[in-house]
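Student: I would like to learn how to read the place where two parts of a chain meet. Could we go through it with the structure in view?
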Amino acid sequence: MELTATIPIRKTTHSRISEVDFDNLEFGKYVSDHMLVCDYTNGAWQTPQILPYSNLSLAPSALALHYGQTVFEGMKAFRMDDGRINIFRMERHYERFVRSLERMCMQVPPKEIFVEGLLQLIGLDKAWVPSRPGSALYLRPFVIASEARFGVKISDEYRFIIFTGPVPSLYDQPIKVKVETNYIRAAKGGTGFAKCGGNYGGAYYPTRQARMEGYDQVLWTDAKENKFIEESGMMNVMFVINDTLVTPPLSDSILDGITRDSLLTLAREVGYKTEERPVSVAELEKAIGDGTLTEAFGAGTAAVVAPIKTININGIDMQLPEYGPGNLLYKLKHGLELIRSGQEPDRHEWNFVL
Ligand SMILES: *Cc1c(COP(=O)(O)O)cnc(C)c1O
């Protein structure tokens, strides 16, 4: 890959890092000192810049604010045992970013700007990469339609931004989920596979409903029949049924999770059978009832794995067996940590080491 010449940097004169309590990180609370900004105007991506993190100046008529042309990625950089920093599966994230942007008719930032921007940004703010096990520097690249024009149209101008922030590990406690058969997240032919803003705003209402009923997340079902499991909140969902790791197959209504792919790969490596196939609500009910389902968990960058202890099906809470260190989900999570920290060889070239 041809890397662009170094990106111009304007450094902050007031680092905020002393305000961060690295022993008590909260997800989404802290942002690092700098951000990358690159505009698409006059039919071309302009020179990117690294600037102090600050508010944007945007026209109230900017198209992103009205019609939802916004796309993001969520990825992480980890502190390795030897002190170096790696970005996990950067290329895979870029490829998905491209697919999301294309679905939303948005301009795609060149890979060189994405890669070089991340490297320089993380290099500059490397003191923000936390070192506690499970913690990471969260990386948030995104593009918004910035053209000032209030008629419904595909924007001719875009702004690509990357900011970062230290985050702790999430969901240590097993969660309760509710199978949702009234509302849906995504439908065939829709945008479910894309990380575009509207998918998340649309999920708030049913999720809040589930929270008020005492659940942490919803288990989405398919839009056509509400019979098949799709995802768990903003995570892919995986089950261990009859000692096989089972997860719904990718489609245009399921997001192609990189954690999902990594866990499937690791499971196969340790000799586990894996199946990517439809999982019906009826199968779930039966397999919990007869004890053949031993694990259920969400999989995503933020939490890595989120063990599920209760699944509400048609108004009935079904309890799953308790989790312990011997469970596959913890073995897979640990396997991933060994690779990210450099304690085990990076067999699949997942780490991009700075
Ligand atoms: C981001 C996301 C995931 C998880 O993807 P990862 O690449 O593993 O972080 C799963 N489902 C949805 C809806 C998502 O937005």
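Student: How many salt bridges does the rule find across the interface of domain 1 and domain 2?
Tutor: One looks for a side-chain nitrogen of Lys or Arg within 4 Å of a carboxyl oxygen of Asp or Glu. In this model, which is predicted, the rule finds four salt bridges across the interface of domain 1 and domain 2. As a case to look at, D256 forms a salt bridge with R99, and their closest N and O atoms are 3.1 Å apart.

Student: How many residue pairs are in polar contact across the interface?
Tutor: Between domain 1 and domain 2 the rule finds 14 such pairs, with both residues at pLDDT 80 or more. On the side of domain 1 that touches domain 2, β4 (70–72), β5 (75–79), β6 (85–88) and α2 (90–103) each supply at least two residues, and α2 gives the most, with six residues.

Student: How do the residues of that side of domain 1 divide into nonpolar, polar and charged?
Tutor: Nine of them are nonpolar, five are polar and eight are charged.

Student: Where do the two domains lie in the chain, and how far apart are their C-alpha centres?
Tutor: Domain 1 covers 17–167 and domain 2 covers 175–341, while their C-alpha centres lie 27 Å apart. The contact takes 22 residues from domain 1 and 21 residues from domain 2.

Student: What area is buried between the domains?
Tutor: About 2000 Å² is buried between domain 1 and domain 2, and carbon and sulfur atoms give 57% of this area. In domain 1, the residues that lose the most area to domain 2 are F72, R96 and R103, which together account for 29% of what that side buries.

Definitions and conventions
Residues are numbered from 1 along each chain as its sequence is written. This is a predicted model: local features need pLDDT of at least 70, side-chain atom pairs count only at pLDDT 80 or more; totals for chains, interfaces and linings use all residues. Side-chain values use heavy atoms; hydrogens and water are left out. Domain bounds come from an automatic or database domain assignment. Contact means heavy atoms within 4.5 Å. Buried area is the accessible area (1.4 Å probe) that two parts lose on being put together, summed over both. A polar contact is a pair of N or O atoms within 3.5 Å; within protein, one must be able to donate a hydrogen and the other to accept it, and residues adjacent in sequence count only if both atoms are side-chain atoms. Helices (H or I, at least four residues) and strands (E, at least two) are DSSP runs, numbered from the N terminus. Ala, Val, Leu, Ile, Met, Phe, Trp, Tyr, Cys and Pro count as nonpolar, Asp, Glu, Lys and Arg as charged, and the others, Gly among them, as polar.
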